[in-house]
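Trainee: I have a new model open and would like to learn how to read it. Can you take me through the main features, step by step?

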Amino acid sequence: MMDNIEVLFDFGYIVASVLFIIGIKMLGRPERARRGNMVSALGMLIAVVTALFECCLSFSLVIAGMVVGACIGVIAARKVKMTSMPQMVAILNGFGGLASLLVGWENYHSIPESNLFISIAIFLAVLIGGVAFSGSVIAYGKLSGKLSGKPIFFYSQQIVNGTIIIAILLCGAIFAYNPAASFSYGVFIAIICLALILGVLGTIPIGGADMPVVIALLNSYSGLAASAAGFIILNNVLIVAGALVGASGLILTGIMCKAMNRSLTNVLFGGLQAAVSAAGAGQQVQGEPHPISPQDAYFMLEAARSVVFVPGYGMAVAQAQHGVRELGDILENNGAEVRYAIHPVAGRMPGHMNVLLAEANVLYEQLAEMDDVNPIMDTVDVCVVIGANDVVNPAAREIASSPIYGMPVINADRAKTVLVLKRSMATGFAGVDNPLFVKQNTRMLFGDAKASLQQLISEFKEV
Amino acid sequence: MSIGLLIFVFILAIFLGVELITKVPSQLHTPLMSGTNAISGITIVGALTAAGTGADTVASIVGTIALILATINVVGGYLVTNRMLAMFKRKDEERK
């Protein structure tokens, strides 16, 4: 009889795993993504119900914990603004990592005398979960502006990090071989602390513009931590789901790195900083920007037959996505062909701009990827750059000494005219001068992006 | 369950994950990330056991905190992803 129930539990977890796989598969297809998310949520529900039947001696804490967690989750998900989505994803990710760490801790606390394999799994869950948690908290801080987005470096950083990693591995070895020894609880707590410190130190040298990579990577970590927790409690659904997330996070990390033409090591260890300071002395952009008044910008746009918008992080900061869509609609009614070109790393997380434009009701069909829009850029009358900088920097193509040389960019400068909405001539996050702003065919409309868009829209409405 | 079998499952799942994600249009990167992030909340299964079977008070507290965090991750993650995906509209769908 017991055996039959065991099989039933296993069956529940298998169904859950299959639903996760189908859900992820559907998430990759625009027309089925929403249902895919629901399929995966159904998988989670089945896994949780199965676990409820299997797990518990006392339900009071279980129910209390789930109610509290669900309330916080619902409120947070309802209240969060779309512009705050990167930090929301970061902090949720951190919670997942910390949960895996605590699962490892609870298991160790309850059953200290486990075999080598379980001990290693506990070590990994705590280590990866800890790094994912503290790293995500720092990422959250940087993304929400509570911490400076600037990369933070300190003397002999690599040596400190290396020492911590060695210390963690040593502690891990001691812990894994003698988990039940009296000193091992202390070693275990030391591992937790070191993992948390490592997550912080690993994330602070990474600048705001590299955040898409970091979020994707931390996402991968929290999946792997869940997998490690699965090895502790010998449960396949955790192993499968965690591995799926771990793999997908790594793939996304790779895509983001490729979009910046940088290696993962370069992003993680801040190679750009040295490059910028070296190039800063030699490379100066020659020429003067050509400012333009909203009235003249209006005449320019009014005459345009094809317009491409290139949004960047500045659009998110100014919350200008609704204004962008409104202007886009006006231009379309005016007979122009309107598209939105989105660079893979524009913004602060993968696909950030897509989410914001979707929030403003821009149709999916109008969103173009960089590789689709670059070949036709010559035929575009006006390319409107809104709060984007490095992702439209022609120096990436033209100036071999530039730190971002080789990074694929949207060739905004190839359009017949470029209209740049920008607050000032400040450099982007890479700290690199942008020759686009002083090109002959570029006009600068200085000011807050949202206000500038409103001026343009009212120019159109007055006619 | 043998350890070898668990590792076997893990390795296969990694390969499966790589195959599943490789061809995702960049428009969907954010929902994909927050959707998989919600899936990583599967650690809730471990947290349920941890909260429900704790050997002593410390274990129960640690387990319950784990459960709260995992539940936030799961519930928040799925709802936020759904909210984002609901905004993606196509031509054939009516604008609000």
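Mentor: Start with a count of elements. Chain A has 18 helices and six strands. Keep in mind that this is a predicted model.

Trainee: What is the secondary structure of chain B?

Mentor: Chain B has four helices and zero strands. From the N terminus, its elements run α-α-α-α.

Trainee: What radius of gyration does chain A have, next to that of a compact globule?

Mentor: The idea is to set the radius of gyration against a rule for a compact globule. For 463 residues the rule gives a value near 23 Å. Chain A has 25 Å, which agrees. Along the principal axes, the C-alpha atoms of chain A fill a box of roughly 80 × 50 × 35 Å.

Trainee: And what radius of gyration does chain B have?

Mentor: Chain B has 18 Å, whereas a compact globule of 96 residues would be near 12 Å. The C-alpha trace of chain B spans about 60 × 35 × 15 Å along its principal axes.

Trainee: How many of the residues count as buried in chain A, and what share in chain B?

Mentor: In chain A, 54% of the 463 residues count as buried. In chain B, buried residues make up 64% of the 96.

Trainee: Next, contacts along the sequence. What share of them in chain A joins residues 24 or more positions apart?

Mentor: Take the contacts with a separation of 6 or more. In chain A, 79% of these are between residues 24 or more positions apart. In chain B, 56% of the contacts between residues at least 6 apart join residues at least 24 apart.

Trainee: Now the sheet. In what order do its strands lie?

Mentor: First the general idea. Strands of a sheet pair through backbone hydrogen bonds, either parallel or antiparallel. Here chain A has an open sheet of six strands, in the order 3-2-1-4-5-6, with parallel pairing. Its edge strands are strand 3 (367-369) and strand 6 (442-446) of chain A, each paired on one side only. On average, neighbouring strands are turned by 25° against each other, direction ignored.

Trainee: How many bridges join strand 1 of chain A to strand 4 of chain A, and how many join strand 1 to strand 2 of chain A?

Mentor: Strand 1 (residues 306-311) and strand 4 (residues 382-386) of chain A pair in the parallel sense over five bridges. One partnership there is Phe309(A) with Val384(A). Strand 1 and strand 2 of chain A are also parallel, over four bridges. Val307(A) shows both sides. Its bridge partner in strand 2 of chain A is Val338(A), and in strand 4 of chain A it stands opposite Val382(A).

Trainee: Why is strand 1 of chain A described as largely enclosed?

Mentor: Look at burial by residue. Five of the six residues of strand 1 of chain A are buried, so this strand is largely enclosed by the rest of the structure.

Trainee: Let us turn to the interface. How many residues does each chain give to the contact?

Mentor: Count each side separately. Chain A gives 97 residues and chain B gives 80 residues. On the chain A side, the elements with two or more residues include helix 1 (2-27), helix 2 (33-55), helix 15 and strand 3 of chain A. Helix 4 of chain A supplies the largest share, 17 residues. By class, the chain A side divides into 64 nonpolar, 27 polar and six charged residues.

Trainee: How do I read a helix pair across the interface? At what angle do helix 3 of chain A and helix 4 of chain B cross?

Mentor: Read distance, angle and hand. The axes of helix 3 (residues 60-79) of chain A and helix 4 (residues 57-87) of chain B come within 7 Å and cross at roughly 35°. The crossing is right-handed. Their contact has 17 nonpolar, seven polar and one charged residues.

Trainee: Last, a single residue. Where is Gly28(A) placed, and why does Gly28(A) count as buried?

Mentor: Gly28(A) lies in the loop between helix 1 and helix 2 of chain A. Gly28(A) is buried because 21 other C-beta atoms lie within 10 Å, and the cut-off is 20 or more. Among the residues that Gly28(A) touches are Leu20(B), Ile21(B) and Val24(B).

Key: Residues numbered from 1 in each chain as written. Chains lettered and ligands numbered in written order. Predicted model: local features only at pLDDT ≥ 70, side-chain atom pairs only at ≥ 80, totals over all residues. Axes fitted to C-alpha atoms, helices over the stretch in contact; angles between N-to-C directions. Left-handed = near helix turned anticlockwise from the far one by under 90°. Nonpolar A, V, L, I, M, F, W, Y, C, P; charged D, E, K, R; others polar. Rg over C-alpha atoms; globule rule 2.2 N^0.38 Å. Buried ≥ 20, exposed ≤ 12 C-beta atoms within 10 Å, placed from the backbone. Contact = placed C-beta atoms within 7 Å. Pairing = 2+ DSSP bridges. Lists of a residue's contacts leave out its neighbours within four places in sequence.
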